[in-house]
Amino acid sequence: MKLICIGRNYTEHIKELENEKPTEPVIFIKPDTAVLLKKQPFFIPDFSDDVHHEVEILVKINKVGKYIDKKFAHKYYEEIGLGIDFTARDLQSKLKEKGLPWEKAKSFDGAAVIGNWLPVNEIDDINNIEFSLKKNDNIVQKGNTSHMLWKIDEIIEYVSKYFTLKIGDIIFTGTPSGVGKVIANDKLNGFIGTKEMFSITVK
Ligand code: ZN
């Protein structure tokens with residue numbers, strides 16, 4: 001199982017990190033060892049002093065596919081979720097400066113939170129999903145999939161040109177603005193609409 005992640009998919013987040021607006025989606029992959037095990041706390045790794053939360057809508061692939069046309073992309077998932085793409089921002093900035101890959105900053109053990117799943121048929125419009133992240137009961141990130149530069153079905157078309165999608169693969173669709181540092185004892189709760197999708201503590 002692999003996690004395919006999209007970077008820079010929301011304009012406001014691109015601005016906050018002073019990144020260039022991409023002309024094509026930015027993609028990176030996390031291995032299955034990055035998945036934070038259920039009910040486990042997130043441990044801040046010792047190689048970073050600036051780990052950020054990035055709340056993101058997730059898509060779980062339910063069929064094998066390659067070169068999927070966006071017209072047919074909806075046939076490749078039945079569940080939508082919410083998660084966190086934890087990012088060691090200090091390390092990522094150094095790697096970015098040197099033009100090196102981001103894996104050490106994004107793909108370390110525990111760097112992928114995967115919450116509960118919602119059946120697609122319970123969602124009115126996947127291109128209009130409201131989601132949010134609370135840190136210690138205050139909303140820190142708020143997003144709506146209508147603001148994505150690349151919509152879910154376009155992402156599937158794009159990534160499946162490069163990687164065969166397999167059953168159980170998960171796509172992280174990018175974060176809205178409001179990313180920020182986590183510290184020990186923070187409590188993070190993610191929501192789609194008013195439904196809580198995950199609850200984790202930071203150690
Ligand atoms: Zn991200």
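Guide: Two strands count as paired when DSSP finds at least two bridges between them; strands (E, at least two residues) and helices (H or I, at least four) are DSSP runs, numbered from the N terminus. This is a predicted model, in which local features need pLDDT of at least 70, side-chain atom pairs count only at pLDDT 80 or more, and totals for chains, interfaces and linings use all residues. Residues are numbered from 1 along each chain as its sequence is written, and side-chain values use heavy atoms, with hydrogens and water left out.

Visitor: Thanks! How many helices and strands are there in the protein chain?

Guide: Happy to start there. The C-alpha atoms of the protein chain fill a box of roughly 45 × 40 × 30 Å along the principal axes. Within the chain are 4 helices and 13 strands.

Visitor: What is the radius of gyration of the protein chain?

Guide: The globule rule (2.2 Å times the number of residues to the power 0.38, with the radius taken over C-alpha atoms) gives 17 Å for 203 residues. The chain comes close to that value, so it is as compact as a globular protein of that length. Its radius of gyration is 16 Å.

Visitor: What share of the 203 residues is buried?

Guide: A residue is buried under 20% relative accessible area, exposed over 50% and partly exposed in between (1.4 Å probe, protein chains only). Of the 203 residues in the protein chain, the buried share is 53%.
A related value concerns contacts, meaning heavy atoms within 4.5 Å: among those with a separation of 6 or more, residues 24 or more positions apart account for 76%. To return to your question, the buried residues make up 53%.

Visitor: Which strands are at the edges of the 4-strand open sheet?

Guide: This antiparallel sheet runs in the order β9-β8-β12-β13. From one strand to the next, the twist averages 15° (axes are lines fitted to C-alpha atoms, for helices over the stretch in contact, and angles run from 0 to 180 degrees between N-to-C directions). The strands that pair on one side only are β9 (138-144) and β13.

Visitor: And which residue in the turn of the β12 and β13 hairpin has a positive phi?

Guide: Strands β12 (residues 187-192) and β13 (residues 195-201) run antiparallel and are joined by 6 bridges. Across them, G190 stands opposite F198, and the bridge partner of I192 is K195. The hairpin has 2 residues between its strands, and the turn residue with a phi of about 60° is G193.

Visitor: Which residue in the loop between β8 and β9 has a positive phi without being a glycine?

Guide: Most residues other than glycine have a negative phi. The loop between β8 (130-135) and β9 holds a residue with phi near 75°. With a relative accessible area of 52%, this residue is exposed; the name is D137.

Visitor: Is K39, another residue with positive phi, buried or exposed?

Guide: K39 sits in the loop between β2 and β3 (51-53). Its phi is near 70°. At a relative accessible area of 85%, K39 is exposed.

Visitor: Which residues coordinate the zinc ion?

Guide: Donors here are N, O and S atoms within 2.8 Å of the metal (3.2 Å for Na, K and Ca), and sites may look incomplete because water is not among the atoms. The coordinating atoms are OE, OE and OD, at 1.9 to 2.1 Å, and the sequence spacing is E-x1-E-x28-D. E56 lies in β4 (residues 55-61) and D85 in β5 (residues 77-85), so this pair ties together parts that are 29 residues apart in sequence. In full, the coordinating residues are E54, E56 and D85.

Visitor: What is the relative accessibility of E56?

Guide: D85 is buried, with a relative accessible area of 0%. E56 counts as buried too, and its value is 0%.

Visitor: Which elements cover the buried residues of α4?

Guide: In helix α4 (residues 152-162), the buried residues are I152, D153, I155, I156, Y158, V159 and S160. Their cover includes β1 (3-7), β2 (26-30), β4, β5 and β10 (170-172).

Visitor: Last one: which residues is I183 in contact with, leaving aside its neighbours within four places in sequence?

Guide: I183 lies in the loop between β11 (180-181) and β12, and counts as partly exposed at 48% relative accessibility. Its C-alpha atom is 7.4 Å from that of K203, 20 residues away along the chain. The contacts of I183 are I44 and V202.
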